[in-house]
Amino acid sequence: MRTPITVLLLTLSCLVVACRDEQAGPKPRPSRLPEPAKARVLDAAPADLTFRSGATFAGGSVVYLGSKVSPPNAAPGEQVRLAHYFQARRPPPQGYGFFVHVVDVATGGMLVNADHEFQDGAAPLASWPVDKVIEDVHSIPMPPVPSRAMLGFWRGDERLPVDDAASHDGSHRMLGPQLGGAPPELPEYVVRKASAAPTIDGVLDDAVWKGATPVVLQGSFDGRPVKLRTEARLAYDDAFLYVAFDCEDPDVWGTLRKRDDPIYEQEVVEIFLDANADGRTYNELQVSPHNVNFDAYFPARRQGMDLSWDSGMTSAVKVRGTLDDASDKDDGWSVEMRIPFAKLAEVPNVPPRPGERWRFNLYRLEHHGRRTVEGQAFSPLFVGDFHALPRFAWLTFQ
């Protein structure tokens, strides 16, 4: 005979068992993880790439071979397939993700952030086999305006360095395929040889300036019309390049007074010169309304700025108004610059030979109301960087 206590213990035991085994049928099998996706590895890139590069990252360890856009002439909003091809030439760096930005060439603004894991996570950079080609494919809507894909690798707050300055936008975004149209062609300035040198006094009344072709600077970012007119002219002789700027300005001012002060933070005119047109070595020369000079040598785009370099430039400024007085209205200021060829970096010939072509750009920075900054340029850059060497104009010696 079972005692009440025994019956109670059996009942509790059954309840406990029932709670543990409330599912009918066999116990579920442990779930199996899916097999990891295999990376797409090729022996070579396709022969029909629509954009070819060959530029490298990280001291040549990774090469961007190019991309294929399909269809290349899609209508705005239509999905286009972008296939990018890379190759590791040495064991690649660790811990970097992949990014793709689509940028409006007219404004520099980002249209599409197409960042994603390379091959959907199947082929992170660190896993790439040496000497094999790795393909990444993704789709985006065709932008409605001329644009460009820029791509690269990131880790935290840094990007994997692009080796060739002419192959990136100044912030290590590799220049990729164009989309929705081509950017404007680079302008050209044909500089004439002067029969007589100008007097460097800031007054643009010399015969050489009357014979030089005037150009009007545009918005540096997108080429739009500017609020205050800036006209520039160039000339040369056997020893010097001559540059003249005439700036409309109702308030001519500046607070910096020492050579190589950062006058680029205030009102200034500038010329950048890449004499051998290699897209790497170049010189930057600036003059402020106080005739303060800034000159620097760069061995690569925005790298190794050397302020000890002396251009030997002679300059003069003429202010039409009252310098540094915001209470009245000025007319403007004009600048003359005389730059020795022999002092510039990587000059092919002194004097330049007829038909010789350099790369260069002309700039002005204007601070409206001493607050709002407007950048002007001869060749618009379509990125927010005066050092955008791929957008430098051509300087052809007559």
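A pocket, for these views, is an open set of grid points with protein on both sides within 12 Å along at least five of seven lines, and its lining residues have an atom within 4 Å of a point. Keep that in mind for the second view; everything shown here comes from a predicted model.

**View 1. The whole protein, with its 2 helices and 23 strands.** Start here to get your bearings. The chain has 398 residues, and 48% of them are buried. If you look at contacts in the protein with a separation of 6 or more, 67% come from residues 24 or more positions apart.

**View 2. The second largest pocket, with a volume of about 190 Å³.** Which residues lie nearest its centre? They are Gly219, Arg224, Val373, Glu374 and Gly375, out of 13 lining residues. Strand S22 (residues 372-377) gives the largest share of this lining, with 4 residues. Sorted by type, the lining of the second largest pocket holds 4 nonpolar, 5 polar and 4 charged residues.

**View 3. A closed space: the largest cavity, about 40 Å³ in volume.** The structure has just 1 cavity of 30 Å³ or more. Around the largest cavity you'll find Trp253, Gly254, Thr255 and Leu256, along with Ile263, Gln266 and Glu267, and then Ser288, Pro289 and His290. By type, that lining splits into 4 nonpolar residues, 5 polar ones and 1 charged one.

**View 4. A cluster of rings running from Phe51 to Phe153 in the numbering.** Ring pairs tie together Phe51, Phe57, Tyr64, Phe86, Phe98, Phe118, Trp128 and Phe153. Searching the whole structure turns up 26 aromatic pairs.

**View 5. Two arginines, each over the face of a phenylalanine ring.** In one spot, Arg159 sits over the face of Phe99, 5.0 Å from the ring centre. In the other, Arg338 does so over Phe240, and here the distance to the ring centre is 5.2 Å.

**View 6. Gly54 and its contacts in strand S2 and beyond.** This glycine belongs to strand S2, which covers residues 51-57. What does Gly54 touch, once neighbours within four places in sequence are left aside? Its contacts are Val63, Tyr64 and Leu65. Gly54 and Leu65 are 11 residues apart along the chain, yet their C-alpha atoms are separated by 4.8 Å. Gly54 counts as partly exposed because its relative accessible area is 43%, which falls between the cut-offs of 20% and 50%.

**View 7. Two cis peptide bonds, one leading into Pro71 and one into Pro351.** Ser70 and Pro71 are joined by a cis bond with omega of about -15°. You'll find Pro71 in the loop between strand S3 (62-70) and strand S4 (79-88). From Val350 to Pro351 the peptide bond is cis as well, with omega near -5°. Pro351 lies in the loop between strand S20 (332-340) and strand S21 (357-368).

**View 8. Asp120 and Asp260, two residues with positive phi that aren't glycines.** Asp120 has phi of about 55°, and its place is the loop between strand S6 (110-113) and strand S7 (133-141). For Asp260, phi is near 65°; this residue lies in the loop between strand S15 (240-248) and strand S16 (268-274). Are these two buried or exposed? Asp120 counts as exposed because its relative accessibility is 76%, over the 50% cut-off. Asp260 counts as buried because its relative accessibility is 18%, under the 20% cut-off.

Definitions and conventions. Residues numbered from 1 in each chain as written. Predicted model: local features only at pLDDT ≥ 70, side-chain atom pairs only at ≥ 80, totals over all residues. Heavy atoms only, no water. Phe/Tyr/Trp six-rings, centres within 6.5 Å; stacked < 30°, edge-to-face > 60°. Lys NZ or Arg CZ within 6 Å of the ring centre and 35° of its normal. Buried < 20%, exposed > 50% of the residue type's maximum accessible area, 1.4 Å probe, protein only. Contact = heavy atoms within 4.5 Å. 1 Å grid on protein atoms, 1.4 Å probe; cavity = no way out; pocket = protein on both sides within 12 Å on 5 of 7 lines; lining within 4 Å. Points joined across faces, edges and corners; volume = space filled by probe spheres on them. Nonpolar A, V, L, I, M, F, W, Y, C, P; charged D, E, K, R; others polar.
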